[in-house]
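Here is a walk through one model, from the overall fold down to a few individual residues. Keep the viewer open as you read.

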Amino acid sequence: MPEQTTKNASPFCLRLTPEERATLEREAAGLPLGEYIRKQVFDENCLRRRTRNKHPVKDHKLLSQLLGELGRLRLANNLNQLAKSANCGLLNLTPEVKTSLLNACADVRHIREVLMKSLGLDR
């Protein structure tokens, strides 16, 4: 039976590349990395297989495209500016502004649908 850890347990440092750390975090599926590594090294009954991530991505390519689109559109910043103008009473609702707002809402709906699809949550 393994020895219980104490307050005087000796720390061990392990240097990893960002890719190695990302792989370990994915395989740990939510466990703290130290606990996961100890389990992999010392647990004889532990099956050494890849574990499923808590939040699996169904379509990485689609998710990458979506994240790129989000960065390009700067929707959060633009919506914040619109909300600020509306709160101050400075938003003049011309037909062009109304059309722009409706287009922004359609873009947000589209992004939501693509995000849900990429996560396998088609609803």
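## Overall fold

The chain has five helices and zero strands, so reading from the N terminus the order is simply α-α-α-α-α. Keep in mind that this is a predicted model. Of the 123 residues, 13% count as buried. The accessible surface comes to about 10,800 Å², and carbon and sulfur atoms own 55% of that.

What about contacts across the sequence? Take the pairs at least 6 residues apart: 54% of those contacts join residues at least 24 apart. One example of a distant pair in sequence is Asp-59 and Leu-119, which sit 60 residues apart along the chain but 6.9 Å apart in space, C-alpha to C-alpha.

## How far to trust it

The average pLDDT for the chain is 77, and 81% of the residues score at least 70. Which helix gets the highest confidence, and which the lowest? Helix α1 (residues 18-28) comes out on top with a mean of 88, while helix α3 (residues 60-73) is at the bottom with 78. As a general caution, where pLDDT is low, the predicted coordinates should not be read in detail.

## The nonpolar core

Six residues form the largest nonpolar core: Leu-62, Leu-63, Leu-66, Leu-75, Ile-111 and Val-114. Helices α3 and α5 (95-118) each put in at least two of them, and α3 gives the largest share, with three residues. So the helix with the lowest mean confidence, at 78, is also the one that supplies the largest share of this core, and pLDDT is the predictor's confidence in each residue.

Leu-75 is a good place to zoom in. Setting aside neighbours within four places in sequence, Leu-75 touches Leu-70, Asp-107, Val-108 and Ile-111. Of these partners, Ile-111 is listed with Leu-75 in the core itself.

## Helix α5

How well does the length of α5 match what its residue count predicts? At 1.5 Å a residue, its 24 residues should span 34 Å, and the end C-alpha atoms are 35 Å apart, which agrees. The buried residues of α5 are Ala-104, Ile-111, Val-114, Met-116 and Ser-118, and they pack against α3 and α4. Two of the names there, Ile-111 and Val-114, also turn up in the largest core. Just after α5 comes Gly-120, with a positive phi of about 75°.

## Helix α4 and what follows

Helix α4 (residues 75-87) passes the length check too: its 13 residues should span 18 Å at 1.5 Å a residue, and its end C-alpha atoms are 18 Å apart. Ser-85 lies in this helix. Is Ser-85 exposed, partly exposed or buried? Its relative accessible area is 25%, so Ser-85 counts as partly exposed. Beyond its neighbours within four places in sequence, Ser-85 contacts Leu-90 and Leu-91.

After α4 you'll meet Gly-89, whose phi is positive, near 75°. Cys-88 is exposed, because its relative accessible area is 55% and the cut-off for exposed is over 50%.

## Cysteines and disulfides

Cys-13 counts as exposed as well, since its relative accessibility is 62%. How many disulfides does the structure hold? The count is zero.

## Loop residues worth a look

Ala-29 is found in the loop between α1 and α2. What stands out is its backbone: phi is near 50°, a positive value in a residue other than glycine. Most residues other than glycine have a negative phi. Ala-29 is partly exposed, because its relative accessibility is 23% and buried would mean under 20%.

Asp-59, the residue from the Leu-119 pair above, belongs to the loop between α2 (33-42) and α3. With a relative accessibility of 30%, Asp-59 also counts as partly exposed.

How values were computed: Residues numbered from 1 in each chain as written. Predicted model: local features only at pLDDT ≥ 70, side-chain atom pairs only at ≥ 80, totals over all residues. Heavy atoms only, no water. Helix = DSSP H or I, 4+ residues; strand = E, 2+ residues; numbered from the N terminus. Buried < 20%, exposed > 50% of the residue type's maximum accessible area, 1.4 Å probe, protein only. Contact = heavy atoms within 4.5 Å. Areas by Shrake-Rupley, 256 points an atom, 1.4 Å probe, with all protein chains shown as cover. pLDDT = per-residue confidence, 0-100. Disulfide = S-S within 2.5 Å. Expected span 1.5 Å × (residues − 1). Core = buried A, V, L, I, M, F, W, Y, C linked by side-chain atoms within 4.5 Å.
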